Amino acid sequence: MDSFILKIEKFIEIFIEYKGYTKVLEGLKNTLIIAILGLLIGIVIGILIATVRVIPKYKLLPRILNAICGLYVNLFRGAPMVVQLLVFYYVLMPLLGLHMTGVQVAIIVFGINSGAYISEIMRSGIQSVDQGQMEAGRAVGLSFGTTMLKIVIPQAVKNILPTLGNEFIALIKETSVVSFVGAADLYVAFNYIGSNSYEFMVPYLVMAIIYILLVLIISLFVKLLERSLGKSDRRN
């Protein structure tokens, strides 16, 4: 017990006196930025791909686009996130002559990867909306795209909201691998504290607690949003 108290005291010393909290705050900020922007990019990509994949395949162009989207989804769902980060940072960037920070690379890769998963989530959400909604929109003179954007997709988002929340949680947890491309996340921050205190047990325990708290906060937010949308549905 005494040894554990000493470890806590050492952690507090590095955290406060040696300004380890600045590393933690920076890591937390980067973790949230990467996850939030990655999710937003993923939602945009996912909606576009899902729309393409539900378009009737009567003509050649929709069939070609569908094949391209299917290849995209299989490619980015098939490779681990860390492999995609490493390939983008150490292979594609030098080949293309790009100069980007680790955080910027992580945002792009997380967004592209998330888009592959969200596209399938969104596709199932679109298919869960009654076909009569599309027919009603077309009957009043709306184009396919307008009907999808203004009628079908908003209803689909309501249906898949819990799954989108799970995707956001997954992105938060997966940010622990961005240190492979030089991005300072929570893992880097607590590893810094552990390296300077020569003791990793308490820093890693605190890091785990922070991740758990983030997940609980996101879960609560999603539940409140679901409840709010449910009330609006009942009023309608």
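Biologist: Happy to look at this one with you! How far apart are the mean positions of the positive and negative charges of the chain?

Modeller: Keep in mind that this is a predicted model. The chain carries 20 positive and 14 negative charges. Between the mean positions of these two groups, the distance is 13 Å.

Biologist: Good to know that it is a prediction. In which helix is confidence highest?

Modeller: Over the chain, pLDDT averages 87, and 96% of the residues score at least 70. The lowest confidence falls in helix α1, residues 2-17, with a mean of 78. At the other end of the scale, with a mean of 93, is helix α4 (residues 81-96).

Biologist: Thanks! Now the fold: how many helices and how many strands are there in the chain?

Modeller: Reading from the N terminus, the elements run α-α-α-α-α-α-α-α-α. The count is therefore nine helices and zero strands.

Biologist: And the overall dimensions: what radius of gyration does the chain have?

Modeller: Along the principal axes, the C-alpha atoms fill a box of roughly 75 × 50 × 25 Å. For a compact globule of 236 residues one would expect a radius of gyration near 18 Å. The chain itself has 22 Å.

Biologist: What share of the contacts between residues at least 6 apart in sequence joins residues at least 24 apart?

Modeller: Some background on packing helps here. Of the 236 residues, 36% are buried, and the accessible surface of the chain comes to about 13,500 Å², with 67% of it belonging to carbon and sulfur atoms. As for the contacts you ask about, the share joining residues at least 24 apart is 74%.

Biologist: Let's zoom in on phenylalanine 110. Is it buried or exposed?

Modeller: Phenylalanine 110 sits in helix α5, which covers residues 102-128. Its contacts beyond four places in sequence include Ile34, Met81, Leu85, Leu171 and Val178. Because its relative accessibility is 0%, phenylalanine 110 counts as buried.

Biologist: Where is its partner valine 178 placed?

Modeller: Valine 178 is buried too, as its relative accessible area is 0%. Beyond four places in sequence, its contacts are Ile34, Leu85, Ala106, Phe110, Ala183 and Asp185. Ile34 and Leu85 appear in the contact lists of both phenylalanine 110 and valine 178. As for its place, valine 178 lies in the loop between α7 (144-174) and α8 (186-197).

Biologist: Nice. How far from phenylalanine 110 is glutamine 84, C-alpha to C-alpha?

Modeller: Glutamine 84 belongs to helix α4. Outside four places in sequence, glutamine 84 touches Phe76, Ala79, Val109 and Asn113. In sequence, glutamine 84 and phenylalanine 110 are 26 residues apart, and in space their C-alpha atoms are separated by 9.0 Å.

Biologist: Why does glutamine 84 count as buried?

Modeller: The cut-off for buried is under 20% relative accessible area. Glutamine 84 meets that cut-off, so it counts as buried, with a relative accessibility of 10%.

Biologist: One last residue, methionine 148: what is its relative accessible area?

Modeller: Methionine 148 is placed in helix α7. Its partners beyond four places in sequence are Thr51, Val54, Ile126, Met134, Ile153 and Pro154. The C-alpha atom of glycine 137, 11 residues away along the chain, is 8.7 Å from that of methionine 148. Methionine 148 is buried, and its relative accessible area is 3%.

Conventions: Residues numbered from 1 in each chain as written. Predicted model: local features only at pLDDT ≥ 70, side-chain atom pairs only at ≥ 80, totals over all residues. Heavy atoms only, no water. Helix = DSSP H or I, 4+ residues; strand = E, 2+ residues; numbered from the N terminus. Rg over C-alpha atoms; globule rule 2.2 N^0.38 Å. Buried < 20%, exposed > 50% of the residue type's maximum accessible area, 1.4 Å probe, protein only. Contact = heavy atoms within 4.5 Å. Areas by Shrake-Rupley, 256 points an atom, 1.4 Å probe, with all protein chains shown as cover. Lys, Arg positive; Asp, Glu negative; His and termini not counted. Charge placed at Lys NZ, Arg CZ, Asp CG, Glu CD. pLDDT = per-residue confidence, 0-100.
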